[in-house]
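User: Please take a close look at one part of this model: the salt bridges along its helices, and how exposed their partners are.

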Amino acid sequence: TKQFTPDLCSRVTFVNFTVTPSSLQNQCMNALLKSERPDIDKKRADMLKLQGEFKVKIRELEDGLLHALSHVQGSILEDVAVIATLEKIKKESKEIQEQVDKTDDIMREIDQSSMLYEQPGQTA
């Protein structure tokens, strides 16, 4: 690896474009899966999108909680708005976690189905 000056490092972002055998294998397997079983590929893409949306929702809930806590008037236990916000966030986070668990189960099923294409992906 080459050493760069601290001045240069503070001004640029280095990107590693290294290609590994496992990344090539995954790309081949995904291309094969897309052509052979587009239904599984679409379902996988949808689940990945949902998981990303869940992460965004959780982040929004965390931000809402931090906002509510930072604007407390007096004692936290006596602030009705904060208590209501906490209850709402608790309920919503529980619902999101249940959905995340469902998508995780579906992703495991998809991974099992896509394992059938792992050997051809290794060969390619």
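Analyst: What follows describes the salt bridges by helix, with a note on a nearby topic, the nonpolar surface.

The model is a predicted one, and it holds 8 salt bridges. In helix 1, which covers residues 6-11, the side chains of D7 and R11 meet in one of them, with an N to O distance of 3.2 Å. These two residues lie 4 residues apart in helix 1, about one turn of the helix. D7 has a relative accessible area of 45% and is therefore partly exposed, whereas R11, at 65%, is exposed.

Helix 1 also contains L8. With 33% relative accessibility, L8 counts as partly exposed. Together with F4, V12 and F14, L8 forms a nonpolar patch on the surface, and the accessible area of the four residues is about 320 Å².

Helix 3 spans residues 38-70 and contains both D46 and K42, again 4 residues apart, about one turn of the helix. The closest N and O atoms of this salt bridge are 3.1 Å apart. D46 is partly exposed, with a relative accessible area of 34%; K42 is exposed, with 52%.

A further salt bridge joins E62 and R59, whose closest N and O atoms are 3.7 Å apart. E62 and R59 are 3 residues apart in helix 3, so about one helical turn separates them. E62 has a relative accessible area of 39% and is partly exposed. This pair does not stand alone: R59, E62 and D63 are linked in a network of salt bridges.

Technical notes. Residues numbered from 1 in each chain as written. Predicted model: local features only at pLDDT ≥ 70, side-chain atom pairs only at ≥ 80, totals over all residues. Heavy atoms only, no water. Patch = residues over 30% accessible without salt bridge, like charges linked within 9 Å, V, L, I, M, F, W, Y side chains within 5 Å. Areas by Shrake-Rupley, 256 points an atom, 1.4 Å probe, with all protein chains shown as cover. Buried < 20%, exposed > 50% of the residue type's maximum accessible area, 1.4 Å probe, protein only.
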